[in-house]
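Subject: Structure handover, with notes on helix packing and salt bridges

Dear colleague,

I am handing over the structure we spoke about, together with my notes on it. Please keep the model open while you read, since the notes go through it residue by residue.

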Amino acid sequence: MLEFLKNGVQLPSDEVNAVIFKALLDSDGDVRQAAEATRSEVTKYGVKINPQAATEIITKGLSENEAETRLASLKMLAEFLQTGIELPVAELNGMVLKALLDANAEVRKAAIAARAEIVKHGIKLTAPEAMAIVKKAAAEEDPNIKAAALQII
């Protein structure tokens, strides 16, 4: 797909989004990795990200059993918010907070980054949410994750 775009072939954004987003939830790690790399590049070639489709795929990805899929979804959320793509952050906030308590350390780290971007969009933590993060951070083994979790409060 990138080769077509690099060579000036105009591809419909909605169809490109559909292919990439579907691949992001693929069971094969290599496919997910290629989709993530492609997703990061396509906007350079005029492909517009559909916020509704992005929200749907992030929501679906965050509910998957595979940690790699949850990780990819959180990275996508943080990147989209950083680049100004408008997503319903209030709607996604609860899922990100849940990911802060994920069993996988990389997912927790990505959730911290996503939560930091959500804060920039005006969604503040409630007292119970902050306390849940404090408790989880206090028990965290990785000092980098512990420090990052405490900084978003």
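What follows is an account of the helix contacts, then of two individual residues, and then of the salt bridges.

Please bear in mind throughout that this is a predicted model.

Helix packing

I begin with helix α2 (residues 13–24) and α3, which pack at an angle of about 145 degrees with their axes 8 Å apart, and α2 passes α3 in a left-handed crossing. On the α2 side the contact is made by V16, I20, F21, A23 and L24, while α3 contributes V31, R32, A35, E36, T38, R39 and V42. Sorted by class, this contact of α2 with α3 has 8 nonpolar, 1 polar and 3 charged residues.

Further along the chain, α5 and α6 pack at an angle of about 140 degrees, and their axes are 12 Å apart. At that angle, α5 and α6 are therefore oblique to each other, and the crossing in which α5 passes α6 is left-handed. The residues that meet are L74, L77 and L81 in α5 and V89, L92, V96 and A99 in α6. The contact of α5 with α6 divides into 7 nonpolar residues, no polar and no charged.

Helix α6 (residues 89–99) also packs against α7, where the axes come within 9 Å and cross at roughly 150 degrees. The cut-off for roughly antiparallel is an angle over 145 degrees, and α6 and α7 are therefore roughly antiparallel to each other. The crossing of α6 and α7 is left-handed. From α6, the residues V89, N93, V96, L97 and A99 meet V107, R108, A111, A114, R115 and I118 of α7. By class, the contact of α6 with α7 has 8 nonpolar, 1 polar and 2 charged residues.

Two residues within these contacts

The first residue I would point you to is N93, which is found in helix α6 and is buried, with a relative accessible area of 6%. Leaving aside residues up to four places away in sequence, N93 touches R115, I118, I123 and E129. N93 and L125 are 32 residues apart in sequence, and their C-alpha atoms are 9.4 Å apart in space.

The other is T38, which lies in helix α3 and counts as buried at 16% relative accessibility. With residues up to four places away in sequence again not counted, T38 touches M1, L2 and I20.

Salt bridges

Side chains of opposite charge can pair when their charged atoms come close. How many salt bridges does the model contain? The count comes to 7 salt bridges, and I describe a few of them here.

E68 forms a salt bridge with R32, and the closest N and O atoms of this pair are 3.9 Å apart. Because E68 lies in helix α5 (residues 67–82) and R32 in helix α3 (residues 29–42), the pair ties together parts that are 36 residues apart in sequence. E68 is partly exposed, with a relative accessible area of 46%, whereas R32 is buried, with a relative accessible area of 7%. R32 is also one of the α3 residues in the contact with α2.

A second salt bridge joins E41 and K44, with the closest N and O atoms 3.1 Å apart. Of these partners, E41 counts as partly exposed at 27% relative accessibility, while K44 is exposed, with a relative accessible area of 57%.

K120 forms a salt bridge with E117, and here the closest N and O atoms are 3.0 Å apart. K120 and E117 are 3 residues apart in helix α7 (residues 105–120), which means that about one helical turn separates them. K120 counts as exposed at 61% relative accessibility, but E117 is buried, with a relative accessible area of 8%. Beyond that pair, salt bridges that share partners join R32, E66 and E68 into one network.

With best regards

Terms used
Residues are numbered from 1 along each chain as its sequence is written. This is a predicted model: local features need pLDDT of at least 70, side-chain atom pairs count only at pLDDT 80 or more; totals for chains, interfaces and linings use all residues. Side-chain values use heavy atoms; hydrogens and water are left out. A salt bridge is a side-chain nitrogen of Lys or Arg within 4 Å of a carboxyl oxygen of Asp or Glu. Helices (H or I, at least four residues) and strands (E, at least two) are DSSP runs, numbered from the N terminus. Buried means under 20% relative accessible area, exposed over 50%, partly exposed in between (1.4 Å probe, protein chains only). Axes are lines fitted to C-alpha atoms, for helices over the stretch in contact, and angles run from 0 to 180 degrees between N-to-C directions. Angles under 35 degrees count as roughly parallel, over 145 as roughly antiparallel, 65 to 115 as roughly perpendicular and the rest as oblique. A crossing is left-handed if the near helix is turned anticlockwise from the far one by less than a right angle, and right-handed if clockwise. Contact means heavy atoms within 4.5 Å. Ala, Val, Leu, Ile, Met, Phe, Trp, Tyr, Cys and Pro count as nonpolar, Asp, Glu, Lys and Arg as charged, and the others, Gly among them, as polar.
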